[in-house]
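Student: I would like a close look at one part of this model: the charged side chains and the pairs they form. Please take me through them slowly, and show me how they fit into the rest of the chain.

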Amino acid sequence: MAQRVTLRKRQPYNTTSNRRRVVKTPGGKLVYHHLKKIATSPKCGDCGVGLPGVPALRPRQYATISKRQKTVRRAYGGSRCGECVKQRILRAFLVEEAKIVKKVIKSQQKK
């Protein structure tokens, strides 16, 4: 028959903050190891894909790492992915071009 395992914390409920794993010690006993929550990577604000180059940590751990590890050296570095930044730049360029074309057409109609 399997050995019984007792809880090490006072919380008995099976919640996400109370995940545990049965581990056999070198002495042969079975004990619970309480697991930490799984970290998720930061997501792009536009498309929702995980940001490459930024580690997946729990929120409090971002305070302990340096700024260069939290961002990517680009416009919208730790906030948007590269594809979305490309789209933003292209959209801004096309909007400016459309304004110029509109102005040119307006000046030609006056003549």
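**Charges and their partners**

Tutor: The chain has 29 positive and 4 negative side chains, and the centres of these two sets are 23 Å apart. Lys and Arg are counted as positive and Asp and Glu as negative, while His and the chain ends are left out; each charge is placed at NZ of Lys, CZ of Arg, CG of Asp or CD of Glu. This is a predicted model, in which local features need pLDDT of at least 70 and side-chain atom pairs count only at pLDDT 80 or more, while totals for chains, interfaces and linings use all residues. Residues are numbered from 1 along each chain as its sequence is written, and side-chain values use heavy atoms, leaving out hydrogens and water.

Let us set the scene before we zoom in. The chain has two helices and two strands (DSSP runs numbered from the N terminus: H or I of at least four residues for a helix, E of at least two for a strand). Their order along the sequence is β-β-α-α. The C-alpha trace spans about 95 × 30 × 20 Å along its principal axes. The radius of gyration of the chain is 27 Å, whereas a compact globule of 111 residues would be near 13 Å (taken over C-alpha atoms, with a globule rule of 2.2 Å times the number of residues to the power 0.38). Buried residues make up 12% of the 111 residues (buried is under 20% relative accessible area, exposed is over 50%, and partly exposed is in between, with a 1.4 Å probe and protein chains only).

Now for the pairs. Side chains of opposite charge can pair when their charged atoms come close. We call it a salt bridge when a side-chain nitrogen of Lys or Arg is within 4 Å of a carboxyl oxygen of Asp or Glu. By this rule there are four salt bridges.

Start with D46, which is partly exposed at a relative accessible area of 42%. One of its partners is R80, and the closest N and O atoms of that pair are 3.1 Å apart. D46 sits in the loop between β2 (30-34) and α1 (67-70), and R80 in the loop between α1 and α2 (82-110), so this bridge links distant parts of the chain, 34 residues apart.

R88 also meets D46 in a salt bridge, at 3.2 Å from N to O. Because R88 belongs to helix α2 and D46 to the loop between β2 and α1, this pair ties together parts that are 42 residues apart in sequence. Put the two bridges together and you have a network of D46, R80 and R88.

R88 deserves a second glance. With a relative accessible area of 26%, R88 counts as partly exposed. Not counting residues up to four places away in sequence, R88 touches D46, Y76 and R80 (a contact means heavy atoms within 4.5 Å).

Another salt bridge joins E83 and K86, at 3.3 Å from N to O. Both residues lie in helix α2, three residues apart, which is about one turn of the helix. E83 is partly exposed at 48% relative accessibility, and K86 is exposed at 53%.

Two further positive side chains help you find your way around. K67 is in helix α1 and counts as exposed, with 65% relative accessibility. From K67 to G78 there are 11 residues in sequence and 9.9 Å in space, C-alpha to C-alpha. R21 is in strand β1 and is partly exposed at 47%. R21 and H33 are 12 residues apart in sequence, with 5.2 Å between their C-alpha atoms. Leaving aside neighbours within four places, R21 is in contact with V31, Y32, H33 and L35.

For a contrast in accessibility, look at N18, in the segment before β1 (20-24). N18 is buried, with a relative accessible area of 0%. Apart from neighbours within four places in sequence, N18 is in contact with K9, Q11, P12, Y13 and H34.

If you rotate the model now, start at D46 and trace the network to R80 and R88.
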